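Here's a quick tour of a protein and its ligand, meant to be read with the model open beside you. We'll go sheet by sheet, then look at how the parts meet.

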Amino acid sequence: MAEISGRLVLVAGELHDLSGPEPEWPGGRRTLFHPPGSSPLPRRADVDALIPLVSQTVGELELTGLPGLRVVANYGVGYDNIDLAAAERAAVVVTNTPDVLTDATADLAMTLVLAAARRLREGLDLARSGEWGGWHPTQLLGIGLGGRVLGILGAGRIGTATGRRAAAFGMDVVYWSRSRSAAIEAEAGGRRVESLGDLLSMADVVSVHLPFTPATRHLLDAPALASMKPGAILVNTARGSVVEQSALAAALASGRLAAAGLDVFENEPEIPAVLRSLPNCVVLPHLGSATREARQAMWDLAAANVRAVLSGESALTPVPAASD
Ligand code: DGY
């Protein structure tokens with residue numbers, strides 16, 4: 001890559017198609033594109049802003065390597081890839097991309113609910129095998145959604161939007177969240193339950209919409225999964241580490257849980273072989289926000305956050321500081 005001089009915005013992802021080859025930044029700053037995964041982030045003092053993908057760790061090491069940094073504009077709504085305390089110490093503003101990917105991600109959560117309930121993976125396998133023997137009254141019977149209870153873990157924007165979709169399919173929505181959500185109650189008829197245990201024991205389908213934090217790591221561990229209704233379904237479009245993957249695989253293999261729909265995994269891009277091979281597990285490669293509209297809007301918002309901070313204005317969508 002030709003050396004670029006002057007102050008820089010470092011784009012640590014293959015975002016050329018969305019950003020255009022030479023995005024405009026305040027003060028005539030230039031763009032330095034750094035493809036992810038190829039090598040560690042460059043260490044240079046002329047970088048004022050960083051736009052990382054959610055797969056890019058931004059910790060003490062990366063921040064000290066970019067001593068001129070003023071803003072990290074994460075290309076995603078989740079920001080567990082960023083060490084907020086280290087960013088605060090370095091006086092770096094951190095932003096994310098809420099709202100613009102809510103519908104895309106909720107659509108995918110609902111896709112996985114339907115795929116798991118209607119045994120999509122087994123149906124596809126059978127149709128593709130060339131060995132389908134014809135229509136049969138008891139072939140690949142799934143679970144009807146009407147009247148079933150959907151338990152939403154985390155009633156933020158995406159959880160609420162998923163609840164709204166499920167309500168349109170006739171599901172009864174309950175939710176567990178730190179605080180009451182007027183939105184999910186008004187838009188999806190959601191009822192708040194007191195504890196995680198209450199939600200797990202009453203839901204036919206559980207959909208995870210919690211951020212990954214030390215407190216949510218393996219929240220759905222073996223005992224939690226064992227407290228779900230026999231034959232229930234688990235869907236996760238949030239972060240893989242909220243679920244203990246090995247315990248989930250065991251619950252699916254034994255038939256204790258009917259099915260799972262997973263878009264996220266503990267150590268991406270690794271998808272454990274057992275989850276890939278279980279017929280009652282639908283796996284996708286982290287596609288929650290993968291619509292043209294959402295991915296473009298995510299770029300536009302990340303870039304707008306960079307422009308605001310570099311122009312001395314407040315960020316549009318700052319994340320809460322570590323000390324908040
Ligand atoms: C996010 O935005 O956090 C998603 O996981 C990436 O689409």
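## The five-stranded sheet

A word on terms before we start: two strands count as paired if DSSP finds at least two bridges between them. Keep in mind, too, that this is a predicted model. On that basis, five strands make an open, parallel sheet, running β2-β1-β3-β4-β5. The edge places go to β2 (30-33) and β5 (93-95); each has a single partner strand, so one side of each has no neighbour in the sheet. Going from one strand to the next, the twist averages 20°.

Look at β1 (residues 8-12) and β3 (residues 47-52): they pair in the parallel sense over five bridges. Here Leu-10 sits opposite Leu-50 in β3. Helix α12 (residues 292-310) packs on this sheet and touches β1, β3, β4 (71-73) and β5. The direction of α12 makes about 165° with that of β4.

## The seven-stranded sheet

There's another open sheet, this one built from seven strands in the order β8-β7-β6-β9-β10-β11-β12, again with parallel pairing. Which strands stand at its edges? They are β8 (191-192) and β12 (281-283), each with a single partner strand, so one side of each is left free of a neighbour in the sheet.

Inside the order, β6 (residues 149-153) and β9 (residues 205-208) pair in the parallel sense over four bridges, and Ile-152 stands opposite Ser-207 in β9. Helix α10 (residues 245-253) packs on the sheet, where its contacts are β10 (232-236), β11 (257-262) and β12. Between the directions of α10 and β11 the angle is about 135°.

## Two domains

The domain assignment splits the protein into domain 1, covering 8-98 + 292-310, and domain 2, covering 102-283. So where do you find α12? Its residues, 292-310, match the second segment of domain 1.

The C-alpha centres of the two domains lie 32 Å apart. Where the domains touch, five residues of domain 1 are in contact with seven residues of domain 2. On the domain 1 side, the touching residues divide into two nonpolar, two polar and one charged.

## Around the ligand

Which residues surround the ligand? They are Val-54, Gly-76, Val-77, Gly-78, Leu-101, Gly-288 and Ser-289. Sorted by class, this shell has three nonpolar and four polar residues, and no charged ones.

Conventions. Residues numbered from 1 in each chain as written. Predicted model: local features only at pLDDT ≥ 70, side-chain atom pairs only at ≥ 80, totals over all residues. Near = placed C-beta within 6 Å. Nonpolar A, V, L, I, M, F, W, Y, C, P; charged D, E, K, R; others polar. Domains from an automatic or database assignment. Contact = placed C-beta atoms within 7 Å. Helix = DSSP H or I, 4+ residues; strand = E, 2+ residues; numbered from the N terminus. Axes fitted to C-alpha atoms, helices over the stretch in contact; angles between N-to-C directions.
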